[in-house]
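Here is a request to go through one structure by question and answer, covering a pocket, a histidine and the nonpolar cores.

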Amino acid sequence: MDGVLPPGVDSGPARLHPRSEARSEVMAGRADVTVRGDSHVLLPGESLTIAPGEAHSIRNRGDDTLVVRTTLRPPGEFEAATRALYEAGAGGRPDLFAVSAVLSHYRSDVRLAAVPWVVQRPLLRALAGIAAMLGRNPLR
């Protein structure tokens, strides 16, 4: 999947892929990638492989549009999860209930890194239930 980040934009809160290895390759621009708190700068043609379960985020601190090609192995439903998150407003002003519904549904593919899964799972489940009651689940 190719991600396009305008200058000053990031990929959102640090996340992890519990079952998949992620390889991010910069196609254009400059990526500031943080993996487990360590910063890396990637330029066009450079890539970084992130092991399953490693917290990471990407930011465009440059002046040009950043294009990052991300490949997950196994792929799971990462692309569908990302599309649903952006539909829920994750690229701007997110709807907490909608984002929670998406993260709960795609929990095998993407999780927030800052919240332990033992806490995150029941919280997401509860918020996803509220999203369904309010009609704010973008997956239905």
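The questions below concern a predicted model.

Q: Which element gives the most residues to the lining of the largest pocket?
A: The largest pocket has a volume of about 730 Å³ and is lined by 33 residues. Strands E1, E3, E7 and E8 and helices H1 and H2 each supply at least two residues of that lining. With five residues, the element that gives the most is H1.

Q: How many residues in the lining of the largest pocket are charged?
A: Ser11, Gly12, Arg15, Thr82 and Tyr86 are the lining residues nearest the centre of the pocket. By class, 21 of the lining residues are nonpolar and nine are polar. The number of charged residues is three.

Q: Is histidine 56 buried or exposed?
A: Histidine 56 is found in strand E7, and among its contacts beyond four places in sequence are Ala14, Leu16, Thr34 and Ile50. A polar atom of its side chain lies 3.0 Å from the backbone oxygen of glutamate 54. Its relative accessible area is 4%. Buried means under 20%, so histidine 56 is buried.

Q: Which elements give two or more residues to the largest nonpolar core?
A: This core has 14 residues, and Ala31, Val33, Leu42, Ile58 and Leu66 touch the most other members. The elements that give two or more residues to it are E3, E4, E6 and E8.

Q: How many residues are in the second, separate core?
A: Val102, Leu103, Tyr106 and Leu124 are included in this second core. Its number of residues is eleven.

Methods. Residues numbered from 1 in each chain as written. Predicted model: local features only at pLDDT ≥ 70, side-chain atom pairs only at ≥ 80, totals over all residues. Heavy atoms only, no water. 1 Å grid on protein atoms, 1.4 Å probe; cavity = no way out; pocket = protein on both sides within 12 Å on 5 of 7 lines; lining within 4 Å. Points joined across faces, edges and corners; volume = space filled by probe spheres on them. Helix = DSSP H or I, 4+ residues; strand = E, 2+ residues; numbered from the N terminus. Nonpolar A, V, L, I, M, F, W, Y, C, P; charged D, E, K, R; others polar. Buried < 20%, exposed > 50% of the residue type's maximum accessible area, 1.4 Å probe, protein only. Polar contact = N/O pair within 3.5 Å; in protein donor to acceptor, adjacent residues only side chain to side chain. Contact = heavy atoms within 4.5 Å. Core = buried A, V, L, I, M, F, W, Y, C linked by side-chain atoms within 4.5 Å.
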